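Below are questions and answers on one protein model. They deal with its sheets, its domains and its ligand.

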Amino acid sequence: MKTIASHTLGCKLNFAESSSIVRSFTLAGWEHVEFDQRADLYVINTCTVTAIAEKKCRTAIRQAVSKNPDAIVAVIGCFAQNTADEIAKIEGVDIILGNDKKHDLLHYVNDYLEKKQALSSTQISTPKSFCLAYSHADRTRTFFKIQDGCDYFCTYCAIPFARGRSRSATVEETVMMAHEIASSGAKEVVLTGVNTGTFGQQNGETFLQLLLKLDDIDGIERYRISSIEPNLLTEEIIRFVAHSKKFLPHFHIPLQAGSDNVLKLMHRRYDTAFYSHLLETIKGLMPDACIAADIMAGFNGETDEEFEKVKTFVNSLPISYLHVFTFSERPNTAALKMDGRIDIHHRREHSRQLQVISDEKKRLFYMSQKGKTRPVLWESDVKAGYMYGFTDNYIRVRRPYDPSLVNTITEFTISNG
Ligand code: SF4
C-alpha cells in the first residue's frame, strides 16, 4: 500500500482543505502516515501570508526531501500559487499545484506515477472554482470551509492574488455538506473562509441565511464563526448569535490597526469608532463573549506617534486577546508602492508591545470568568491523566480523564481564571 504524509501551514482553511485532499487519497487505497515518517508521497499545503510563513514552507519542503529522496514531493496552495517558479528550483520537488488545481492532486499524482515527468504542473491560473471541504481537528471538532477568495484587496495582503475572488457554494449545498459532517459524529463545527462574511454574495444569498439553516441541523451542537470582517458582522448576525443555542459567544474580528490613519492606508472598510461600537454591541448582548482580534504591527505610516494611538485604542477595547503579526512586504501588493516604511526594529518593537497588551487582556479575561460555570466539549487527548476541552467562550480547561465524557458537553466551573 502506498503511503501519504501531509504538512499544512497557515490558516484553518488550509487545514480543512488538506484533510479533504488526504481523504481523497485514503479513499483511493493510500495509507495516511505522520509527516516525520517515511512516505511515498509528501504533500505540503503552503501559506503566503507573511515572509515567516514562506520560510516555514521552504523548511517543510527540505524536510520531506531529506526524509525520503525517492518520494514524490507535492507543493500546493498559496505559496505555490504565487511563487511556482521559485519552488520549481528547489531540488526534489516533483509536483507544484496552486489553489486552482490542488483539489485534483490525486489525479496529478497518478499522472506523475504513470509518466514520471519531472513536474506535473507549474501552469498556475487564478482559482475560480469552489470546493467545500472539512477537517477533523480531533473527532469532536471540525473546520468547515464554506467560502474562498476575497475581493477586498487590503493594501498589505497577497491572499486575493493567491486565492482569487470571493466565492462559495449555495446555502443548500453547504447545508448538505453540514449534514455529512453531523453524521461523522463531530459535535462542534468551526465555519472558515478567507472572507467568511461574503458567503453567498455571488449567488444572491447571505451569510445570515446560511447561519439560520445551520442552526436547525440535528447532531451538530456547537458552531463557531472563525473570523469575520468588522463591516460584515452586522447587528442582525450579532443578535442571532446572542439568541442561538448553537452559535457560541466567541468572535474573531480582525482589527489590523488601531489608528484611523493606518486603517485608511490599509484600505480597511471601517474606522476605530465603528470597531469600538461593534465590540460594545457584542458585549452588551453577551457580556462573557470571547473576542479575539488580529492586529498587524509596523505597517507603513505606523510612526511612534501613531503607535501610541494604537496602544491607547487597543487598551480601551473589551477584547480577550490579540493575534499579533509583524508586517512584511508581500509580492504584488499596493503597500510595496507606498511611502512611510517602518524599519524592521520598530516593527518588531511594536509587535512586542502589542503582545504584552494581549497577554494582559487574556489574563483579565480569564480572571473575569473565574468561578463561572460554562459548557465544555471534552476532547479525546489525554495528558498526564487529564482531558481537555473548550468552554463555549473559548477558555481551555482540563479535568481528570473520564473516557465516558469524550465528545460530550458538560457544565464546568472555571477555577483557575
Ligand atoms: S479582507 Fe483584506 S486581509 Fe482579509 S483576505 Fe481580504 S484582502 Fe486579505
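Q: Which strands does helix H13 lie across, and at what angle does it run to E14?
A: The structure is a predicted model. Helix H13 covers residues 344–369 and lies across two strands, E13 and E14. Relative to E14, the helix runs at about 170°.

Q: Which strands stand at the edges of the sheet E12-E13-E14, and why is one side of each left without a neighbour?
A: This open sheet has 3 strands with parallel pairing. Strands E12 (250–252) and E14 (321–326) each have a single partner strand, so one side of each has no neighbour in the sheet. The edge strands are therefore E12 and E14.

Q: Which residue in E13 stands opposite His-250?
A: E12 pairs with strand E13 (residues 290–297) in the parallel sense, over 3 bridges. Opposite His-250, the residue in E13 is Cys-290.

Q: By how much are neighbouring strands turned against each other on average in the sheet E17-E16-E15-E18?
A: The 4 strands form an open sheet with antiparallel pairing. Its edges are strand E17 (396–400) and strand E18 (409–413); each has a single partner strand, so one side of each is without a neighbour in the sheet. With direction ignored, the average turn between neighbouring strands of this sheet is 50°.

Q: Which residue in E17 stands opposite Gly-389?
A: Strand E16 (residues 386–391) and E17 run antiparallel and are joined by 5 bridges. Across from Gly-389, the residue in E17 is Val-397.

Q: How far apart do the C-alpha centres of domain 2 and domain 3 lie?
A: The domain assignment of the chain gives domain 1 (3–115), domain 2 (127–248) and domain 3 (373–413). The contact between domain 2 and domain 3 takes 11 residues from domain 2 and 13 residues from domain 3. Their C-alpha centres are separated by 25 Å.

Q: Which residues in domain 2 lose the most area to domain 3?
A: Domain 2 and domain 3 bury about 1000 Å² between them, with 48% of it on carbon and sulfur atoms. On the domain 2 side, three residues together account for 45% of what that side buries. These residues are Thr-140, Arg-222 and Arg-224.

Q: How many residues of the shell around the ligand are nonpolar, polar and charged?
A: The ligand is surrounded by residues including Cys-150, Tyr-152, Phe-153, Cys-154, Tyr-156 and Cys-157. Pro-160, Val-194, Asn-195, Glu-229 and Arg-268 also belong to its surroundings. The shell divides into 8 nonpolar, 1 polar and 2 charged residues.

Methods
Residues numbered from 1 in each chain as written. Predicted model: local features only at pLDDT ≥ 70, side-chain atom pairs only at ≥ 80, totals over all residues. Heavy atoms only, no water. Near = heavy atom within 4 Å. Nonpolar A, V, L, I, M, F, W, Y, C, P; charged D, E, K, R; others polar. Pairing = 2+ DSSP bridges. Axes fitted to C-alpha atoms, helices over the stretch in contact; angles between N-to-C directions. Domains from an automatic or database assignment. Contact = heavy atoms within 4.5 Å. Buried area = accessible area lost by both parts, 1.4 Å probe.
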